[in-house]
Number of protein chains: 2
Amino acid sequence: MKAISILEHHQLSRTESRMEILELLLNKNVALSEKEIKDELSIKCDRATIYRTLNTFVKSGIAHSIINNDGPLKYVIKKAPEDHVHFKCQVCGHIMCLPQIIIDKIELPDGFTRTESNFLVIGTCKNCN
Amino acid sequence: MKAISILEHHQLSRTESRMEILELLLNKNVALSEKEIKDELSIKCDRATIYRTLNTFVKSGIAHSIINNDGPLKYVIKKAPEDHVHFKCQVCGHIMCLPQIIIDKIELPDGFTRTESNFLVIGTCKNCN
DNA sequence: GTATATTTGCAACACAGTCGCAAATATTAT
DNA sequence: ATAATATTTGCGACTGTGTTGCAAATATAC
């Protein structure tokens with residue numbers, strides 16, 4: 001199982017919740033919220049556990065969170081380490097990474113330094129256009 | 001008064017709350033949350049009224065909201081109509097617009113169309129660097 | 001100044017996310 | 001495999017953000 005080896009690699013204990021949540025994220029190419037994860041999980045899992053698990057994944061670098069302009073945080077497996085653009089389709093509501101587009105070349109004004117970026121483009125995705 | 005003419009121009013009734021909140025926003029160059037607005041207002045104003053007023057301003061195009069990666073929405077007077085970058089200083093916590101940097105040239109993959117963008121860069125601002 | 005339309009304050013509510021703590025589960029050592 | 005220890009889970013309670021219904025207050029139009 002891929003999920004198991006990822007957990008091992010990050011020295012996280014292999015609990016049922018972590019494995020199921022990780023499997024779910026691995027099989028999706030759109031970002032999921034806590035509620036969406038809960039609804040898709042085959043096992044029962046408490047809200048708090050899902051939040052704690054997601055935070056653990058983010059801290060370990062397994063996943064990253066995506067800011068939603070209108071709604072809860074969503075989570076995806078981290079594939080690209082660079083800052084990339086997130087896209088939200090206003091028709092189907094899906095939020096996904098656009099790893100093709102990397103914005104590391106934004107020139108900030110003098111005296112400003114950057115540690116992190118959140119780029120969310122809202123529009124219509126390929127399927128809905 | 002500048003605030004009055006702005007309200008008139010957008011055909012909004014000139015209530016005390018709206019004028020005071022608008023004055024406050026006009027005098028700030030950082031984005032403010034509902035709580036920050038409430039604390040700085042000289043008049044008493046209910047939470048709900050502040051939220052409703054801010055939403056009215058956003059709908060009218062007087063202000064726009066800025067997504068905070070970790071905290072409530074913040075609001076600023078809309079100066080530039082284009083999509084620009086927002087900057088959050090992790091030292092002083094201020095969130096401000098960087099109208100100098102305009103990103104309208106992001107090329108989305110085929111089939112994707114854009115209607116709106118939210119760009120938040122997190123780092124250290126000029127004053128705190 | 002009066003009538004009508006809009007806005008306000010209050011209270012209640014919905015929802016996202018966190019935390020403490022005891023019970024359950026996983027890991028480690030024997 | 002079993003026992004001891006460390007970690008995680010579920011539950012409940014809680015905080016904070018933002019919204020809404022409704023009656024009272026205020027602004028606008030006449």
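Here is a walk through two protein chains and the two DNA strands beside them, starting with how the chains relate to each other. This is a predicted model, in which local features need pLDDT of at least 70, side-chain atom pairs count only at pLDDT 80 or more, and totals for chains, interfaces and linings use all residues. Residues are numbered from 1 along each chain as its sequence is written, chains are lettered from A and ligands numbered from 1 in the order in which they are written, and side-chain values use heavy atoms, with hydrogens and water left out.

Let's begin with the symmetry. Chain A superposes on chain B by a rotation of 180° with 0.0 Å of shift along the axis, at an RMSD of 0.1 Å (a least-squares fit on the C-alpha atoms of residues with pLDDT of at least 70 in both copies). The two copies are therefore related as by a two-fold rotation axis. Both copies use the same surface, since 100% of the contact residues of chain A recur in chain B (contact means heavy atoms within 4.5 Å). In chain A, the residue that comes closest to the axis is A:Phe119, with its C-alpha at 2.3 Å.

Now look at DNA strand D. It is surrounded by 21 residues, the closest being A:Thr15, A:Arg18, A:Thr49, A:Arg52 and B:Leu73 (a residue is near a strand if one of its heavy atoms lies within 4 Å of it). Sugar and phosphate make up 63% of the atoms of strand D that come within 4 Å of the protein. Phosphate oxygens of strand D lie 2.8 Å from a side-chain N or O atom of A:Thr15, 2.7 Å from one of A:Thr49 and 3.2 Å from one of B:Tyr51. Helix H4 of chain B gives the most to this surface, with five residues (helices are DSSP runs of H or I with at least four residues, strands are E runs with at least two, and both are numbered from the N terminus).

Turn next to DNA strand C, where 21 residues again surround the strand, and the closest are A:Arg47, B:Thr15, B:Arg18, B:Thr49 and B:Arg52. Here 67% of the strand atoms within 4 Å of the protein belong to sugar or phosphate, and the rest to bases. A polar side-chain atom of B:Thr49 is 2.6 Å from a phosphate oxygen of strand C, while for A:Tyr51 the distance is 3.2 Å. On this surface, H4 of chain A gives the most, with five residues.

Terms used
Polar contact = N/O pair within 3.5 Å; in protein donor to acceptor, adjacent residues only side chain to side chain.
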